[in-house]
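Biologist: Got a minute to go through this one with me? Pull it up and I'll start asking.
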Amino acid sequence: MKRGCIDLGGVTPHNIKQLKLLNQVVFPVSYNDKFYKDVLEAGELAKLAYYNDVVVGGVCCRIDVTEGQRRLYIMTLGCLAPYRRLGIGTKMLEHVLKYVEEDDNFHCIFLHVQVSNESALDFYRNFGFEVVETKQHYYKRIEPADAHVLQKTISKS
Ligand SMILES: CC(C)(COP(=O)(O)OP(=O)(O)OC[C@H]1O[C@@H](n2cnc3c(N)ncnc32)[C@H](O)[C@@H]1OP(=O)(O)O)[C@@H](O)C(=O)NCCC(=O)NCCS
C-alpha cells in the first residue's frame, strides 16, 4: 500500500462508537461501559489514529499508582489488520512516550500482552520494552490465557 497521511485525534462522545468498533475487531477481549466512560475523561491518554482521514487505530491508557510508583498503563493500542506495518502503531506509541517524557513524573510504562502475540512483542521490543513478568491464567476467556508484562523504565533527564 502506498504510504498515506497518519494523524491522531481526540476521543469524543461523537466518535467513541468508532473506537468501540475498532477495539471489537482488533482485540480478543471486550471492554465494558466503564472502560469507555473513563476513556472520555482520559484527554491525551486516549487517541484515535487516522489513515488518510479514516479511523484505523486507537490507543487508550490510564495512570496507575502502585506502592508509591506512578506508572502509565497501556490498556489498548491497536490498528486494523490491513493497515499494519505502515507506522500507525509507532505514531500512537510515540504520542504516549512523549506524554510520559513531558510529564517527567512516571517511573515506567507497562502493558499486558498475550504470550502468543509475537507481532506486539516485536513491536514493543523495538521501543525498549522488556518482558519483566509472565502471568499465568491472566485472561479468562481466551487461549493462551497467559500474559507477558512488558515494561519500559523511564530514564530521568
Ligand atoms: C502491535 C501493533 C499495534 C503494531 O502496529 P503497526 O501499525 O503494525 O506498527 P508499525 O507499523 O508502527 O511497526 C513498527 C515496527 O514494529 C515491528 N513490528 C510490527 N509488527 C510486526 C510484526 N507483525 N512482525 C515483526 N515486527 C513487527 C517492526 O519492526 C515495525 O517496523 P517495520 O514495519 O519498519 O519493520 C499491531 O500489530 C496491532 O494492532 N496488533 C493487534 C493489537 C495488539 O496486539 N496490540 C498490542 C497489545 S495493546
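Modeller: Sure, let's talk through the ligand shell and then a couple of residues; keep in mind that this is a predicted model.

Biologist: How many residues surround the ligand, and which are the closest?

Modeller: There are 21 around the ligand, and the closest are Arg84, Gly89, Thr90, Ser119 and Asp122.

Biologist: Which helices and strands each supply at least two residues of that shell?

Modeller: Two strands, β4 (69–79) and β5 (108–114), plus two helices, α3 (88–103) and α4 (118–126).

Biologist: And what's the shell like by class?

Modeller: It has 10 nonpolar, 8 polar and 3 charged residues.

Biologist: OK, new topic. Where is Lys152 found, and is it buried or exposed?

Modeller: Lys152 sits in strand β7, residues 147–153. It counts as buried because 20 other C-beta atoms lie within 10 Å, and the cut-off for buried is 20 or more.

Biologist: What does Lys152 touch, leaving out residues up to four places away in sequence?

Modeller: Cys108, Ile109, Phe127, Gly128 and Phe129. Also, His107 is 45 residues away along the chain from Lys152, with 8.9 Å between their C-alpha atoms.

Biologist: Now Gly4. Where's its place in the chain?

Modeller: Gly4 is in the segment before β1 (6–10). Gly4 is partly exposed, because it has 14 other C-beta atoms within 10 Å and partly exposed runs between the 12 or fewer of exposed and the 20 or more of buried.

Biologist: Which residues is Gly4 in contact with, beyond its neighbours within four places?

Modeller: Tyr51 and Asn52. As for Leu86, it is 82 residues from Gly4 in sequence, and the C-alpha to C-alpha distance is 8.6 Å.

How values were computed:
Residues are numbered from 1 along each chain as its sequence is written. This is a predicted model: local features need pLDDT of at least 70, side-chain atom pairs count only at pLDDT 80 or more; totals for chains, interfaces and linings use all residues. A residue is near a molecule or strand if its C-beta atom, placed from the backbone, lies within 6 Å of it. Helices (H or I, at least four residues) and strands (E, at least two) are DSSP runs, numbered from the N terminus. Ala, Val, Leu, Ile, Met, Phe, Trp, Tyr, Cys and Pro count as nonpolar, Asp, Glu, Lys and Arg as charged, and the others, Gly among them, as polar. Two residues are in contact if their C-beta atoms, placed from the backbone, lie within 7 Å.
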